[in-house]
Amino acid sequence: VVGENVTVNLTANAAVAVEKETATGGGSDGSVTVSSGDNNVTSQVSVSTSDALQSAISAIEDDSSQQIKLSADITATSAITIPANKTVVLDLNGCAYTNESGDAITNNGTLTLLNGTITALNAVVRNGGNAKLTVSSGTYTSTGNIAFTIAVGATGSQIEIKGGTVKALESCVATLKEVSTSTINISGGTFTSIDNSVISDNGSR
């Protein structure tokens with residue numbers, strides 16, 4: 001199914017637990033700080049625009065973590081970028097995040113997605129080298145391409161899907177050219193692709 005040095009592991013009937021959060025305060029800018037059950041994530045910021053989301057991500061110190069929650073539906077025109085050495089837990093909070101012009105998210109760090117909907121023309125998440133993506137729950141759709149992809153030339157990239165619904169015109173999960181020593185782990189979820197296999201390797205061998 002996949003190319004050289006790319007591993008896919010499928011595990012059936014795996015359960016995913018999402019711990020509850022408790023609000024502890026509020027800010028004049030509309031942000032809310034809450035406690036979280038996620039390891040190494042101690043605070044939460046709420047955002048309602050794509051610019052605010054990118055600003056919250058950019059403000060994370062290197063080798064630090066931040067939980068970010070959407071407080072409204074968002075329509076974006078450019079991809080959100082997770083830099084290397086930053087960890088983001090993105091709680092979509094039942095909201096819809098849409099980018100009809102390209103990729104929704106470029107991930108070069110560590111990203112967890114849960115609890116909402118992301119729709120993109122191209123990739124929902126394009127995972128770079130040494131990046132880690134975890135999908136815990138939610139609905140993710142690529143209307144014109146691949147939903148979750150390991151980018152061209154990426155090394156050491158990881159995608160783990162524990163649950164949720166993934167839909168794509170092409171593959172739901174795929175590697176691109178010259179990908180090596182990368183891993184795709186799938187332990188839950190529902191996958192629907194229209195014009196290609198659900199999981200595919202489009203790279204050289």
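## Pairing in the open sheet

Two strands are counted as paired here if DSSP finds at least two bridges between them. On that basis, this predicted model contains an open sheet of six strands in the order β7-β10-β13-β16-β19-β22, with parallel pairing. The edges are taken by β7 (80–82) and β22 (199–201), and because each has a single partner strand, one side of each is left without a neighbour in the sheet. From one strand to the next, the twist averages 15°.

At the β22 edge, the partner is strand β19 (residues 173–175), which pairs with β22 in the parallel sense over three bridges. Within this part of the sheet, Val173 stands opposite Ile199 in β22.

## Strands β8, β11, β14, β17 and β20

Parallel pairing is also found among other strands of the model, beginning with β8 and β11, which are joined by five bridges and run parallel. In this pair, Val89 has Thr112 in β11 as its bridge partner. Strand β11 is in turn joined to β14 by four bridges, again with the two running parallel, and here Leu111 stands opposite Leu133 in β14. Strand β11 (residues 110–114) is largely enclosed by the rest of the structure, because four of its five residues are buried.

Strand β14 (residues 132–135) pairs with β17 in the parallel sense over four bridges, and Lys132 has Gln158 in β17 as its bridge partner. Strand β17 also pairs with strand β20 (residues 182–186), in the parallel sense and over four bridges, with Gln158 standing opposite Thr183 in β20. Gln158 therefore appears in both pairings, as the bridge partner of Lys132 and opposite Thr183.

The side chains of β17 (residues 158–161) alternate along the strand: Ile159 and Ile161 point to one face and are buried, whereas Gln158 and Glu160 point to the other face and are not buried. In a regular strand, the side chains alternate between the two faces of the sheet.

## The nonpolar core

The largest nonpolar core has 41 residues, and those with the most contacts inside it are Leu90, Tyr97, Ile105, Leu111, Leu113, Ile118 and Phe148. Helix α1 (residues 50–58) supplies the largest share of this core, with three residues. In soluble globular proteins, nonpolar side chains tend to be buried together.

Leu113 shows what surrounds one of these core residues: leaving out residues up to four places away in sequence, Leu113 touches Leu90, Ile105, Ile118, Val125, Leu133, Thr134, Val135, Ser136, Ser137, Tyr140 and Phe148.

## Helix α1 and its packing

In helix α1, the buried residues are Ser50, Leu53, Ala56 and Ile57. They lie on the same side of α1, because they cover an arc of only 125° around the axis. The buried residues of α1 pack against β4 (44–47), β5 (64–70), β6 (74–76), β7, β8 (86–91) and β9.

## A buried asparagine in β9

Which strand holds Asn99? Asn99 lies in β9, a strand that covers residues 96–99. With a relative accessible area of 1%, Asn99 counts as buried, because the cut-off for that term is under 20%. Leaving aside neighbours within four places in sequence, Asn99 is in contact with Ala76, Thr77, Ser78, Ala79, Ala104, Thr119, Ala120 and Leu121.

Key:
Residues numbered from 1 in each chain as written. Predicted model: local features only at pLDDT ≥ 70, side-chain atom pairs only at ≥ 80, totals over all residues. Heavy atoms only, no water. Core = buried A, V, L, I, M, F, W, Y, C linked by side-chain atoms within 4.5 Å. Buried < 20%, exposed > 50% of the residue type's maximum accessible area, 1.4 Å probe, protein only. Contact = heavy atoms within 4.5 Å. Axes fitted to C-alpha atoms, helices over the stretch in contact; angles between N-to-C directions. Arc of directions from axis to C-beta.
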